[in-house]
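Hello,

Here is the structure I promised to pass on. Please open it first, then read my notes below.

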Amino acid sequence: MKKTWTEKLNAPARHQVKPVPIDIAGMKKGEIMLVPTPHMIDAVIRAIPPGTSMDVRTLRHKLARRFKAEVTCPITTGFHLRTVAEAACEALQRGAAMDAITPFWRVLDADTPTTRKLTCGTGFVTAQRAKEGI
């Protein structure tokens, strides 16, 4: 049976800090890279104040600094951003209040490729950003 996004978000996982093995995705071989967990991404997004946005690049830099790495894996970050957003959408479908879910729209906007894949749709993200004046 396929896991829900919420199950993926809550699955036990450990972050890693290790050298980048090859030049890939804008990272250079040998740079110290953080491979984050979904909960790490979720925590950073939850800390963004209402009415404020943060782009994905800034989120990655913030995480890297926090864990004494030079870079954060953009591929893993992208996967986990979707997991966080979809888990929030699932929570809304189950009746959770807006202020109880992770405000992923503070990082994802209509132009972010991940947004186009979300079950809640680009319109939802655009509306939430507008409500917050982002």
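What follows covers the sheet and then one pair of packed helices.

Keep in mind that this is a predicted model.

The sheet

It is an open sheet of 3 strands, in the order S1-S2-S3. The pairing is mixed. S1 pairs with strand S2 (residues 32-35) in the antiparallel sense, over 4 bridges. Within that pair, Pro19 has Ile32 of S2 as its bridge partner. On S2's pairing with S3, the sense is parallel, over 2 bridges. Here Leu34 has Thr72 of S3 as its bridge partner.

Which strands stand at the edges? They are strand S1 (16-19) and strand S3 (71-72). Each has a single partner strand, so one side of each is left without a neighbour in the sheet.

The helix pair

Helix H3 (residues 56-66) packs with helix H4 (residues 74-93). The angle is about 110°, and the axes are 11 Å apart. Roughly perpendicular is the term for angles of 65 to 115 degrees, so H3 is roughly perpendicular to H4. The crossing of H3 past H4 is right-handed.

Which residues make the contact? From H3 they are Val56, Leu59 and Arg60. From H4 they are Pro74, Thr77 and Leu81. By class, the residues of this contact are 4 nonpolar, 1 polar and 1 charged.

Best wishes

Terms used. Residues are numbered from 1 along each chain as its sequence is written. This is a predicted model: local features need pLDDT of at least 70, side-chain atom pairs count only at pLDDT 80 or more; totals for chains, interfaces and linings use all residues. Side-chain values use heavy atoms; hydrogens and water are left out. Axes are lines fitted to C-alpha atoms, for helices over the stretch in contact, and angles run from 0 to 180 degrees between N-to-C directions. Angles under 35 degrees count as roughly parallel, over 145 as roughly antiparallel, 65 to 115 as roughly perpendicular and the rest as oblique. A crossing is left-handed if the near helix is turned anticlockwise from the far one by less than a right angle, and right-handed if clockwise. Contact means heavy atoms within 4.5 Å. Ala, Val, Leu, Ile, Met, Phe, Trp, Tyr, Cys and Pro count as nonpolar, Asp, Glu, Lys and Arg as charged, and the others, Gly among them, as polar. Two strands pair if DSSP finds at least two bridges between them.
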